[in-house]
Amino acid sequence: MSRRTGVPVPTIKYYLREGLLSPGELTSPNQARYGEAHVRRLKLIRALTDVGKLSIAAVGEVLGALDEPEQSLHHVLGVMQRSVSTNAAAGDEAAHQEAEKFLARRGWHYHPDDPSVRALVDVVVKARELGHDRFVEQLDAYADACQGIAEADLDHVLRRTEVEDVLEGVVVGTMLGDAAIAALRRLAQQAVSARRLGEV
């Protein structure tokens, strides 16, 4: 499995000890056989740690949600989002009300304790601290773009037929999507800047 995935043996043993990987089929007292499901899970763990920058504990949470027998796609997405979200500060009450008003106007359902809501509040607070009070006027443009991205995300994962594929697609798609959006935004900024400012 190490040769097939490029993951060092000590790392695989660590994942086994932490319960992230299920044990293989013992072929001798100190050897085990691992199948395709193990390889797939190992690749997922590496994506969660390398791309998603998740801690081992957070990886365990995400994998636990994936392995729940009665899991729903919405539940797994929630666990994934909480795992990749940073713990933003609570922010001030005015910023919190402004964020809630914005979300209500958009018609987006959310839980008030959602880390993403706290992160949005933190953005509003930081913008004000930096003297950019009008930054919040850009939130609708960002939300419009993100609505389209969210639709594309779900279209992509719901094309899969196996429940495990759909759930795994949500996990990987969320992480890879975040990384892709950050990279594409910077590339687009460069392109728009060059066009508008007349530089090539």
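This passage walks through the fold, the charged side chains and a few individual residues of a predicted model.

The overall layout is a good place to start. The secondary structure of the protein consists of nine helices and two strands. Read from the N terminus, the order of these elements is α-α-β-β-α-α-α-α-α-α-α, with the two strands written side by side after the opening pair of helices. The C-alpha atoms occupy a box of roughly 65 × 45 × 35 Å along the principal axes. How does the radius of gyration of the protein compare with that of a compact globule of 200 residues? The globule would have a value near 16 Å, whereas the protein has 21 Å.

The surface and the interior can be described in a similar way. Of the 200 residues in the protein, 28% are buried. The accessible surface amounts to about 13200 Å², and carbon and sulfur atoms contribute 55% of that area. Contacts across the chain also help to picture the fold. Among contacts with a separation of 6 or more, 57% join residues that are 24 or more positions apart.

Charged side chains come next. The protein carries 24 positive and 29 negative side chains, and the centres of these two sets are 7 Å apart. Side chains of opposite charge can pair when their charged atoms come close. The count of salt bridges in the protein comes to nine. One of them brings together the side chains of Arg 33 and Glu 25, with an N to O distance of 3.5 Å.

Another salt bridge sits within a single helix. Arg 46 and Asp 50 meet at 3.6 Å, N to O. Both residues belong to helix α3, which covers residues 36–51, and they are four residues apart, about one turn of the helix. Are these two partners buried or partly exposed? Arg 46 counts as partly exposed because its relative accessibility is 26%, and Asp 50 counts as partly exposed because its value is 39%.

A further salt bridge connects two helices. Glu 98 pairs with Arg 128, and their closest N and O atoms are 2.0 Å apart. This pair links distant parts of the chain, with Glu 98 in helix α6 (residues 93–106) and Arg 128 in helix α7 (residues 115–129), 30 residues apart. Glu 98 has a relative accessibility of 28%, so Glu 98 counts as partly exposed. Arg 128 has a relative accessible area of 33% and is therefore partly exposed. Elsewhere, salt bridges that share partners join Arg 105, Arg 106, Asp 140 and Asp 144 into one network.

Some individual residues deserve a closer look, beginning with helix α3. Leu 44 is found in this helix. Its relative accessible area is 3%, so Leu 44 is buried, the cut-off being under 20%. Which residues does Leu 44 touch, not counting residues up to four places away in sequence? They are Leu 63, Leu 66, Glu 168, Val 171 and Val 172. Leu 44 and Val 9 are 35 residues apart along the chain, and their C-alpha atoms are separated by 16 Å.

Arg 41 also lies in helix α3. With a relative accessible area of 18%, Arg 41 is buried because the cut-off is under 20%. Leaving aside neighbours within four places in sequence, Arg 41 is in contact with Leu 20, Leu 21, Leu 63 and Asp 67. Leu 63 thus appears among the contacts of Arg 41 and among those of Leu 44.

The next example is in helix α4, which spans residues 56–67 and contains Glu 61. Not counting residues up to four places away in sequence, Glu 61 touches Val 79 and Ser 83. Glu 61 and Ala 145 are 84 residues apart along the chain, and the separation of their C-alpha atoms is 29 Å.

The last example returns to helix α6, where His 96 is placed. Is His 96 buried or exposed? His 96 counts as buried because its relative accessibility is 17%. Apart from residues up to four places away in sequence, His 96 touches Pro 112, Val 117 and Val 121.

How values were computed. Residues are numbered from 1 along each chain as its sequence is written. This is a predicted model: local features need pLDDT of at least 70, side-chain atom pairs count only at pLDDT 80 or more; totals for chains, interfaces and linings use all residues. Side-chain values use heavy atoms; hydrogens and water are left out. The radius of gyration is taken over C-alpha atoms; the globule rule is 2.2 Å times the number of residues to the power 0.38. Buried means under 20% relative accessible area, exposed over 50%, partly exposed in between (1.4 Å probe, protein chains only). Contact means heavy atoms within 4.5 Å. Accessible areas come from the Shrake-Rupley method with a 1.4 Å probe; for residues, only the protein chains shown count as cover. Lys and Arg count as positive and Asp and Glu as negative; His and the chain ends are not counted. The place of a charge is taken as NZ of Lys, CZ of Arg, CG of Asp or CD of Glu. A salt bridge is a side-chain nitrogen of Lys or Arg within 4 Å of a carboxyl oxygen of Asp or Glu.
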